[in-house]
Amino acid sequence: MSDTTGIDLALLERARARFDEHFGAETAPRVAVAPGRVNLIGEHTDYNDGFVLPMAIGRAAVVVFRPRDDRTLRGHSVAFDETKSVELDELSAPGGDDWLSYVAGVAWAFESEGLPTTGLDVVVDGDVPIGAGLSSSAALELATARALAAVGGLDWDPVRMAKVGQKAENQYVGMNCGIMDQFASAVSEDGKAVLLDCRSLETRPVPVPGGAAVVVMDTGARRSLAGSAYNDRRAACERVVAHLTTLDPSVAALRDVTPQLLERGKDGLDPTDLKRARHVVPENTRPVKMAEALKSGDLQAAGQLMNDSHYSLRDLYEVSCEELDLITEIAREQPACYGARMTGAGFGGCAVALVRADRAEEFCDRVLPAYKAKIDLPAELFPCRPVAGARLLD
Ligand code: GLA
C-alpha cells in the first residue's frame, strides 16, 4: 500500500520502527522523503549543458531524523544493517562513498555553502534499488537536504538544494555526475515529468498523458565499471568541444554544436570521440521533441524517440549492455509498447518503456518471463506514475 504521494507505507513504518529501536522513542522523530527518478529521454546530455526529461517515481529514499544537542551525525542504514557516526566539524572533501558519505556529504556541502548544520540521529531507508540507474544516491542526498533544511529552519529552495546535492556527490563522494538526478528528486511536481534545461536550469512540467504508462524494467544487472566509463564519456565530450571551439568560438559545450558544425570539424577528431558526439548532438534535441509529443498525445512519436535514443546509446555512445538491449527488444515486440530505451548512465540497471496504460500489467506479465527465460538475474518490472520531489511527511 502506498499513500497519495506514492510512498510505500510499510517502508515508512519500518524506517520509523528502526529509528525507535536504535535511537530511542522518547520524542517523535521527523521524516523526510525524496524520490528516485526514471529518465524518459535525454541521456548523457546533462553534463553537456543540454536538455533532459526525467520523472520522479514512487520509489524513494526515507530519512527519519531527530536533532542532537552536539555536532555528531549518527546514522543507521536499514539496507546495510549498520550504524556509524561522524563529527560534523571533522568533515572534509573528498570523503568516502559508503552510504553514510551521502548523508555526511550533504552536511559538508551545507557547511561549505554557509548553511547551518546540526548534529542528527538518522535512519536511512528506501526502496530505490541501489546501483540500478534510478538515482538512489540523489534521492538520499535530497532527503538528507530536506532534513537538514528543516532542522536549520531554512525555507525549502529546491533548485538550490539540487545544486547542494550535486556538490556533495561531485566533491565529497567523488562521482562526477551532472545535475539531472538531484534536480528531478528536488523539483518534480506530482503528476508531471520535468523538462530541464541543464544550462539555464529552467524547467517545464510535462504531464504524462492518461493513455500512457511508464514502465521501469530493471534488468537485475549491476556493473561496477560504470564510474570510470562515465568519466571517459565526459572527457570525450570535452575533447570534442575543445576542438570545435577552434572553428566556432561561441561553442562552450556540446549543447551548442549543430550536426553541420560537427561534420565540418570531424577530421580533427578522434573517431571514437566523434561517435560519442554523434550521440549527444541529436540526443539533445529529443527531450523537447518528446515533451511536445507527450503534450499533443502523440504516443507513437514519443515511443519512436525513445527507440532512437536507445539505438544511439547502444551504437554510438556505447553505454548499453546485453541485458538492456534484450529487455528493450522484448518490450518493443509487445503490441502495447510505444517505445523502450535504457535509462540512466547505462552498463546495466534499468530500462524504461512507454506502454498503453490499459495494458501495462499484461505488458509486465509478458516481458518479465521472456527476459528471464534468457537471462537468469533478479529482474523486476513496475509501472510508475510521476510523483512530487523531496518533502517532509509532517
Ligand atoms: C547518471 C548521472 C546523471 C546523468 C546520467 C546520464 O544518472 O548521475 O547526471 O549524466 O547518468 O544521462
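How many bridges pair strand S1 (residues 30-39) with S13, and in which sense, parallel or antiparallel? Two, and the sense is antiparallel. The views below come from a predicted model, where local features need pLDDT of at least 70 and side-chain atom pairs count only at pLDDT 80 or more, while totals for chains, interfaces and linings use all residues. Numbering starts from 1 along each chain as its sequence is written, and side-chain values use heavy atoms, with hydrogens and water left out.

**View 1. Six strands make an open, mixed sheet.** The strand order is S5-S4-S6-S3-S1-S13. Strands here are DSSP E runs of at least two residues, helices are H or I runs of at least four, and both are numbered from the N terminus. Two strands pair if DSSP finds at least two bridges between them. S5 and strand S13 (391-392) sit at the edges, each pairing on one side only. Helix H1 (residues 9-23) packs on this sheet and touches S1, strand S3 (54-67), S4, S5 and strand S6 (120-126). Touching is contact, meaning heavy atoms within 4.5 Å. The direction of H1 makes about 145 degrees with that of S6; axes are lines fitted to C-alpha atoms, for helices over the stretch in contact, and angles run from 0 to 180 degrees between N-to-C directions. Zoom in on S1 and you'll find Val33 standing opposite Arg391 in S13.

**View 2. S4 and S5 form a hairpin.** Strand S4 (residues 72-77) and strand S5 (residues 82-87) run antiparallel, paired over six bridges. Gly75 faces Lys84 of S5 as its opposite number. Four residues lie between the two strands, and Asp81 in the turn has a positive phi of about 45 degrees.

**View 3. Three strands make an open, antiparallel sheet.** Here the order is S2-S7-S8, with strand S2 (51-52) and strand S8 (203-207) as the edge strands. S2 is joined by two bridges to strand S7 (residues 192-197), and Phe51 has Asp197 as its bridge partner in S7. Helix H9 (residues 286-296) packs on the sheet, touching S2, S7 and S8, and its direction makes about 40 degrees with that of S8. Helix H5 (residues 180-187) also lies across S2, S7 and S8, running at about 135 degrees to S7.

**View 4. The ligand and the residues around it.** The shell takes in residues with a heavy atom within 4 Å; they are Arg37, Glu43, His44, Asp46, Tyr47, Cys177, Gly178, Met180, Asp181, Tyr230 and Ala345. Oxygen atoms of the ligand have polar side-chain atoms of Asp46 at 2.5 Å and of Asp181 at 2.6 Å. Gly178 joins in through a backbone N or O atom, 2.9 Å from an oxygen atom of the ligand. On its own the ligand has 300 Å² of accessible area, and the protein covers 94% of that (Shrake-Rupley method, 1.4 Å probe).

**View 5. Two backbone oddities in loops.** Ala93 and Pro94 are joined by a cis peptide bond, with omega at about -5 degrees. Look for Pro94 in the loop between S5 and helix H2 (99-112). His44, in the loop between S1 and S2, has a positive phi of about 60 degrees although it is not a glycine. His44 is also one of the residues around the ligand.

Conventions. A polar contact is a pair of N or O atoms within 3.5 Å; within protein, one must be able to donate a hydrogen and the other to accept it, and residues adjacent in sequence count only if both atoms are side-chain atoms.
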